[in-house]
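Biologist: I've got some time and a fresh model on the screen. Shall we walk through it together?

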Amino acid sequence: MKILVVGGSGFLGTELLRRASAAGWSAAATYCSSRPGDLPGVSWHRLDLRDADQLDFLLAELTPDAIINATSGQSDWAVTADGSFRVTTAAVRHGCRLVHVSSDAVFSGSRISYDESRLPDPVTPYGAAKAAAETAVRLLAPAAAVARTSLIIGTGDSVHERMVHELAAGTRDGVLFTDVVRCPVHVEDLAAALLELALSDRPGMFHLAGPDALSRHELGVLIARRDGLDTDRLPAGRKEGTALEVRLDCAATQADIRTRLRGAREFLQLP
């Protein structure tokens with residue numbers, strides 16, 4: 001199996017490559033604004049998703065069986081939306097299996113619970129860019145898999161975990177919202193599920209998130225307890241404007257894949 005991870009230097013991309021290499025796959029990865037990773041056995045290639053020719057040259061050189069687009073351009077439309085369009089069209093031209101990683105940010109929270117059939121209704125620039133990317137993939141590559149996920153947690157090195165440590169240490173300003181609710185997922189579970197999809201030929205929409213719906217503050221408290229931090233030092237507050245509660249209903253996806261997606265209360269319990 002030859003796999004290309006677009007955005008391989010990111011948090012999720014690193015775990016995808018680690019698992020693919022451990023499974024004996026031939027793994028390649030792209031990076032752009034950050035430095036290439038140092039995982040053994042992985043070939044690294046600088047790629048600017050704003051340049052369609054770069055992508056075509058790369059796929060012609062690597063001839064991957066599957067592409068996982070795990071890049072994160074945040075609200076940069078040229079990367080998150082247009083870049084995903086370019087990845088999709090290139091994957092179709094080169095006959096590659098495509099797994100596109102999307103986000104629960106495509107939803108407004110007005111319905112609270114969202115299953116795989118729900119259409120995007122974003123309220124942020126990032127959510128709008130992710131929704132546009134989803135539309136491109138579903139229209140141009142109907143055989144592809146689109147996987148929406150939520151807050152990604154690891155063993156201390158995710159952006160959310162680092163934020164909790166900085167807040168507890170008093171080295172960062174800000175609060176953990178009590179009225180912003182998500183369904184966190186462990187990076188190991190998410191990577192395993194994405195690789196499972198890459199090996200399959202299942203098309204359509206998939207939801208890959210944990211079963212526990214937690215506020216940002218509740219999640220922070222669990223992280224702090226696991227890591228032996230003082231939970232009283234975590235500032236709590238409400239988000240200005242409308243509260244945002246997005247719960248990904250993963251029942252249909254979980255019934256269709258082997259990988260079990262653990263809830264945050266399980267994977268953040270004390271060792």
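Modeller: Sure, just keep in mind that this is a predicted model.

Biologist: Let's start with Leu199: is it buried or exposed?

Modeller: Leu199 sits in helix α7, which covers residues 187-199. Its relative accessible area is 53%. The cut-off for that class is over 50%, so Leu199 counts as exposed.

Biologist: Which residues does Leu199 contact, leaving aside its neighbours within four places in sequence?

Modeller: Exposed as it is, Leu199 still has company from elsewhere in the sequence. Ala66 is 133 residues apart from it in sequence, yet the two C-alpha atoms are 7.9 Å apart in space. The contacts you asked for, though, are Met1 and Trp25.

Biologist: On to β1. Which residue of β4 is the bridge partner of Val5?

Modeller: Strand β1, residues 2-6, is mostly covered, with four of its five residues buried. It pairs in the parallel sense with β4 (residues 66-69) over four bridges. In β4, the partner of Val5 is Ile68.

Biologist: And in β2, which residue stands opposite Val5?

Modeller: β1 and β2 (residues 26-31) also pair in the parallel sense, over four bridges. Helix α1, residues 11-22, joins these two strands in a right-handed β-α-β unit. Opposite Val5 in β2 you'll find Ala29.

Biologist: Now α8. How many of its 11 residues are buried?

Modeller: The list runs His217, Leu219, Gly220, Val221, Leu222, Ile223, Ala224 and Arg226. What covers them includes α6, β8, β9, β13, β14 and α10. The helix is largely enclosed by the rest of the structure, because the buried count is eight of the 11.

Biologist: At what angle do α6 and α8 pack?

Modeller: These are residues 159-169 and 216-226, with axes 10 Å apart. α6 is roughly perpendicular to α8, a class that spans 65 to 115 degrees. The angle itself is about 75°.

Biologist: Which residues of α6 meet α8 there?

Modeller: By class, that contact has three nonpolar, two polar and three charged residues. The α8 side brings Arg216, Gly220, Ile223, Ala224 and Arg226. From α6 come His160, Glu161 and Val164.

Biologist: Last one: which residue just after α8 takes a positive phi?

Modeller: Look just past the end of the helix, which runs over residues 216-226. The phi there is about 70°. The residue is Gly228.

Definitions and conventions: Residues are numbered from 1 along each chain as its sequence is written. This is a predicted model: local features need pLDDT of at least 70, side-chain atom pairs count only at pLDDT 80 or more; totals for chains, interfaces and linings use all residues. Side-chain values use heavy atoms; hydrogens and water are left out. Axes are lines fitted to C-alpha atoms, for helices over the stretch in contact, and angles run from 0 to 180 degrees between N-to-C directions. Angles under 35 degrees count as roughly parallel, over 145 as roughly antiparallel, 65 to 115 as roughly perpendicular and the rest as oblique. Contact means heavy atoms within 4.5 Å. Ala, Val, Leu, Ile, Met, Phe, Trp, Tyr, Cys and Pro count as nonpolar, Asp, Glu, Lys and Arg as charged, and the others, Gly among them, as polar. Buried means under 20% relative accessible area, exposed over 50%, partly exposed in between (1.4 Å probe, protein chains only). Two strands pair if DSSP finds at least two bridges between them. A crossover is right-handed if, with the strands pointing away from the viewer, the path from the first strand over the helix to the second runs clockwise.
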